[in-house]
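Here are some exercises to work through at your own pace. Try each task with the structure in view before reading its solution.

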Amino acid sequence: MKINFNIEVNNQSVEAIKGETILDALNRNGIKVPTLCHMKDFTPTGACRMCVVEDEITGKLITSCSFPVAEGMKIKTHSPKVVEARKTIVELLLSNHPDDCLYCVRNRNCELQNLSDELQVRERRIIGKKNNYNIDNSGVSIIRDPDKCILCGRCVEVCEKVMGVSAIDYVNRGSQTIIGTAFNKGLNVSSCVNCGQCIMVCPTGALTEKNHFPEIREALNDPAKTVVIQYAPAISVSLAEEFGIESGKDINGIMNSALRKIGFNRVFDTSFAADLTIMEESAELINRITNNGVLPMMTSCCPAWVKYAEEFVPEFLPNISSCKSPQQMMGSVIKNYFAKTENLKAEDIYSVSIMPCTAKKFEAQREEMTTHGISDVDAVLTTRELGQFIKLYGIDISKIEPEVADSPLGTRSTAGKIFGASGGVMEAAIRTAYYKLTGKELVKFQIPEVRGFEERKETKIKIGELEIGVAVVNGLVNAKKLLTEIKEGRTDIHFIEIMACPGGCIGGGGQHIGSNEDDLKSRMKSLYDIDTNETLKVSHKNPEIIEIYDKFLGEPLGHKSHELLHTNYDKRDVLR
Amino acid sequence: MEDKTINILEQYPNSGNDSLIPILQEVQDAEGYISEKSVIKIGKHLDIPSSKIFGVATFYNQFRFQPLGKYHIQICRGTACHVLGSATVLSTLEKHLKLKAGETSRDGLFSIEVVACIGACGLAPVICVNGKFHAKVTDKSIIEIIENYRKENDESEK
């Protein structure tokens, strides 16, 4: 039972719940206290001291993020002493910080910048020696600039507690401290899985994604190139936030129109490829179950999870579905099927994808993701970058009319669309597997047991005579726990969906920075609303899917599919 | 060749995080430094990511990540030595050898280690090369000392 009592804050009585921190009590009562190292649901570290408040009884400054409320407490949140302390902290952080806000990707979306503005820092009072570290440009997805790092430690926390990867940690001591990898090597040889969650929590520009604007613009300006673009299921419900529109709003049509205005020759929907993935993956699942294949089967859509498996749990690589991810299936279909129908050579197509994900940048350049030496996907933009790209081309999204995606490769079922949320792949796969095994459609398509943000969702599904156990996990640390149970002998699970990011792709590392839990919930709701409202709810009824199998692929797991849509992975040696 | 790190790890069965620092110390004693390979082995044994081990090890001055040089120079930066100019001696030494404290020269000849006090304050500023003390070192004499060692090495190799 919650025990409530009152504490005195700024001479007013405020209700507090026993056991919560001062910060939680303040936030719930409409008082904002600035924080830097604080992250919701993580153990407070109290490292940055930004959240200090004054304890009126002792006159001391205490960190509200880590200090529990107590009866009789008297707090001042914005006394001169408190404000002075906070301002000094910001001034100290700025003293060795590079003064290149104008050139920084995080300009106008930087917590340090905002704090310095809120606290009225208007002059450089403390002059320190500027940081002068090397930028780590070695990774394919993520760039680290230790100069801009303020050592809040949020990236270290996320990498360890959410991903279970710990590619980075504090290195050295005192004023020499930096965030670094083991032996200060590049991210490319570290165990980093490129999920990008570190970027999502970085308050400054110390962690950013690798940008491919120049290559894409060059391709757009090259008349010999046919430039095509595909966008992931989660993009249309996430992009709005980049433009300050309410979170979760689906602006698919406007996005199609904007992409055409930028100059992309064809606009495709990766959700189509998600349908294709479902056709292949459900066939593979049935094949494994009926022919005593390796079980449980695990999804392969998430490139961060795949790299994690290669590095940390290579013994489970045979469990991972051989299906390429939707991005790569689409890339492959574009350069092989679409090219053929349009009489184009694969090398004359420049294929761009928009993903809510930084690991997709890594996936796109993998050797396994090529056909006859040609990359399936040439460049990857994150949701954030798409926002910047649209602005770069001067497109006012409030004044343009929605359009539909190009066909073929643009029609999708809602099963493909819900890939964007944790549990979506599972649900979509079951819908099709059920049909394939029983010849009948599910009576109720929705499977609420696999939906939502919980770390792990497990349920049993009855398909005719067969009962299969399924599990859905998000956050690689949760995947690790489940895999340990399986290693220790659990056999009641046949199919596992693993997504690295919290909530699935809607919470991906390429999404809008500064979104909160509610924004993620709206994105998820929006995806499931689409599923509720539209009629084409299963991948195998998607007319364009039927067409591509008729005209080109033959059958799921057939010869052509194997050549273009499937791959395999090997153990990867990294510094871990 | 026997693996010293593995031998040490065998002395720590079923150990957890709390054994990390003693293990690192023993490995450094046995091998002279903490190598990348050792860190990976220790990490596997204790189930700690190598970044965390590197983080812990770099926190302490006592751990080195390069093998010791043939001539290991310990330079005292304690109070007495500091007062008598050990900072200048250190910076001269670093410039002369193009090395930083904690590093080893590429030819493997010299390595520098900063120590807090070696209990020879009467001789300040003092350095210790392979256990041999050099007293009242100045920014001029330090170069002479180093070059003498280099000569000694050259002659021994002839």
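**Exercise 1: An aspartate in a loop**

D41(A) lies in the loop between α1 (22-28) and β3 (52-55) of chain A; helices (H or I, at least four residues) and strands (E, at least two) are DSSP runs, numbered from the N terminus. This is a predicted model, in which local features need pLDDT of at least 70, side-chain atom pairs count only at pLDDT 80 or more, and totals for chains, interfaces and linings use all residues. Residues are numbered from 1 along each chain as its sequence is written, chains are lettered from A and ligands numbered from 1 in the order in which they are written, and side-chain values use heavy atoms, with hydrogens and water left out.

Task: Find the sign of phi for D41(A), and decide whether D41(A) is buried or exposed.

Solution.
- Step 1: phi of D41(A) is positive, about 70°, although D41(A) is not a glycine.
- Step 2: buried means under 20% relative accessible area, exposed over 50%, and partly exposed in between (1.4 Å probe, protein chains only).
- Step 3: D41(A) has 70% relative accessibility, so it counts as exposed.

**Exercise 2: An asparagine to set beside it**

Task: Locate N343(A), then work out its phi and its exposure.

Solution.
- Step 1: N343(A) sits in the loop between α10 and β13 (349-355) of chain A.
- Step 2: its phi is positive, near 60°, in a residue other than glycine.
- Step 3: N343(A) counts as exposed, because its relative accessibility is 73%.

**Exercise 3: Two cis peptide bonds**

Task: For P296(A) and P125(B), identify the residue before each proline in the cis peptide bond, then place both prolines.

Solution.
- Step 1: in chain A, L295(A) precedes P296(A), and omega of their cis bond is near -5°.
- Step 2: P296(A) belongs to the loop between α8 (270-290) and β12 (297-298) of chain A.
- Step 3: in chain B, the cis bond joins A124(B) and P125(B), with omega about -15°.
- Step 4: P125(B) falls in the loop between β2 and β3 of chain B.

**Exercise 4: A glycine in chain B**

Task: Say where G119(B) is found and how far its C-alpha atom is from that of P67(B).

Solution.
- Step 1: G119(B) is in the loop between β2 (110-115) and β3 (127-129) of chain B.
- Step 2: with a relative accessible area of 66%, G119(B) is exposed.
- Step 3: P67(B) is 52 residues away along the chain, and 25 Å separate the two C-alpha atoms.

**Exercise 5: An enclosed helix**

Task: Explain why α12 (residues 383-392) of chain A is described as largely enclosed by the rest of the structure.

Solution.
- Step 1: 7 of the 10 residues of this helix are buried, so the helix is largely enclosed.
- Step 2: the buried residues of α12(A) are T383(A), R384(A), E385(A), L386(A), G387(A), F389(A) and I390(A).
- Step 3: just after α12(A) comes G394(A), with a positive phi of about 65°.

**Exercise 6: Empty space inside**

Task: Describe the largest cavity by its volume and its lining.

Solution.
- Step 1: on a 1 Å grid over the protein atoms alone, a cavity is a set of points where a 1.4 Å probe fits but cannot get out, and lining residues have an atom within 4 Å of a point. Grid points are joined across faces, edges and corners, and a volume is the space filled by probe spheres set on the points.
- Step 2: the structure holds 6 cavities of 30 Å³ or more, and the largest cavity has about 260 Å³ of space.
- Step 3: of the 24 residues lining the largest cavity, C301(A), P356(A), K360(A), M499(A) and C505(A) are the closest to its centre.
- Step 4: α9 (303-312), α10 (326-341) and α11 (359-364) of chain A are the elements that give two or more residues to this lining.
- Step 5: the lining divides into 18 nonpolar, 5 polar and 1 charged (Ala, Val, Leu, Ile, Met, Phe, Trp, Tyr, Cys and Pro count as nonpolar, Asp, Glu, Lys and Arg as charged, and the others, Gly among them, as polar).

**Exercise 7: Both chains as wholes**

Task: Describe chain A and chain B by their elements and their buried residues.

Solution.
- Step 1: chain A has 18 helices and 19 strands, while chain B has 7 helices and 4 strands.
- Step 2: buried residues are 60% of the 576 in chain A and 42% of the 158 in chain B.

Conventions. 1 Å grid on protein atoms, 1.4 Å probe; cavity = no way out; pocket = protein on both sides within 12 Å on 5 of 7 lines; lining within 4 Å.
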